[in-house]
Amino acid sequence: MSDSALETICKKLSSTKVLVVTGILSAAMMFLVFPNLPYNGVKTLDARFSYDAITVMQVLDGLGADGREFYKWGSSFIDMAYPFIYGSFFVGLIYRLSPNEKFRILAIIPVITAMLDFTENSMITAMIYNFPNIPEKQASITATLSTAKWSSVFLFEAIVVLFIAVQLFRKLKPQETAS
């Protein structure tokens, strides 16, 4: 029986070569690109687990006009590539580390996370365009997306840690010999 298209994609994403490339790109963006973006020391909305409409106004005001312009550009371009990169990495990692086939379905979680992140980025960009006239409902929906995204990130990271622990346990467990 041939693999489904999804199975084929997961197999490719779980190859050592793809995991190394997407892992390096994810780490580079997380530790080199994002910390060095010119946001005037302001913690951006997408880096927060939760916030309210007042916080949205404070953050966007604190960025200043130049910071908002760059944040709009960053959310539209730089931060749109990142979910694809980390999503690919974690889909491949979960698929590869899965203790058995039935757990491979959990590789869908980073895909859902990336979709939440794309939507969150679009909503943040829209709020920047609307600033200072941001409807409270728009801020609330965007904050909900941020919370859902970060909850999903924590979930798939916990799954990776659990799968690594299972792999280590299997390697360290004494092999039973047939009598």
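Buried means under 20% relative accessible area, exposed means over 50%, and partly exposed lies in between (1.4 Å probe, protein chains only). With that in hand, let us work through some exercises.

The model is predicted, so local features need pLDDT of at least 70 and side-chain atom pairs count only at pLDDT 80 or more, while totals for chains, interfaces and linings use all residues. Residues are numbered from 1 along each chain as its sequence is written, and side-chain values use heavy atoms, with hydrogens and water left out.

**Exercise 1. The overall picture**

Task: How many helices and strands are there in the chain, and what are the spans of its C-alpha trace along the principal axes?

Solution: Start with the secondary structure, where helices (H or I, at least four residues) and strands (E, at least two) are DSSP runs numbered from the N terminus. The chain has five helices and zero strands. Read from the N terminus, its elements run α-α-α-α-α.

Next, take the dimensions: the C-alpha trace spans about 75 × 35 × 25 Å along the principal axes.

Then turn to the surface. Accessible areas come from the Shrake-Rupley method with a 1.4 Å probe, and for residues only the protein chains shown count as cover. The accessible surface of the chain is about 10500 Å², and 67% of this belongs to carbon and sulfur atoms. Of the 179 residues, 40% are buried.

Finally, look at contacts, meaning heavy atoms within 4.5 Å. Among contacts with a separation of 6 or more, 77% come from residues 24 or more positions apart.

**Exercise 2. A network around Lys149**

Task: Which residues are joined with Lys149 into one network by salt bridges that share partners?

Solution: First, the rule: a salt bridge is a side-chain nitrogen of Lys or Arg within 4 Å of a carboxyl oxygen of Asp or Glu. By this rule the count is four salt bridges.

Step one is the pair Lys149 and Asp117, whose side chains meet in a salt bridge at 3.9 Å, N to O. This pair links distant parts of the chain, with Lys149 in helix H5 (residues 136-172) and Asp117 in helix H4, 32 residues apart.

Step two is the pair Lys149 and Glu120, with a salt bridge at 3.0 Å, N to O. Here too distant parts of the chain are linked: Lys149 in helix H5 and Glu120 in helix H4 are 29 residues apart.

Step three puts the pairs together: Asp117, Glu120 and Lys149 are joined into one network by salt bridges that share partners.

Step four checks burial. Lys149 is buried at 5% relative accessible area, Asp117 is buried at 3%, and Glu120 is buried at 0%. Leaving out residues up to four places away in sequence, Glu120 touches Leu45, Asp46, Thr142, Leu145, Ser146 and Lys149.

**Exercise 3. A salt bridge within one helix**

Task: Is Glu69 buried or partly exposed, and why are Glu69 and Lys72 separated by about one helical turn?

Solution: Begin with the pair, which forms a salt bridge whose closest N and O atoms are 3.1 Å apart. Glu69 and Lys72 are about one helical turn apart because they are three residues apart in helix H3 (residues 53-97). Glu69 is partly exposed, with a relative accessible area of 46%, whereas Lys72 is buried, at 14%.

**Exercise 4. Two faces of helix H4**

Task: Where does Pro110 lie, and which nonpolar patch on the surface includes Ile112?

Solution: Pro110 is in helix H4 and is buried, at 0% relative accessibility. Leaving out residues up to four places away in sequence, Pro110 touches Gly87, Phe90, Val91, Ile94 and Phe156. Its C-alpha is 9.6 Å from that of Lys149, a residue 39 positions away in sequence.

Now turn to Ile112, in helix H4 (residues 108-130). Ile112 is partly exposed, with a relative accessible area of 41%. Patches are made of residues with over 30% relative accessible area and no salt bridge; like charges are joined within 9 Å, and nonpolar side chains (Val, Leu, Ile, Met, Phe, Trp, Tyr) within 5 Å. The nonpolar patch here consists of Ile105, Ile108, Val111, Ile112 and Met115, which together have about 450 Å² of accessible area.
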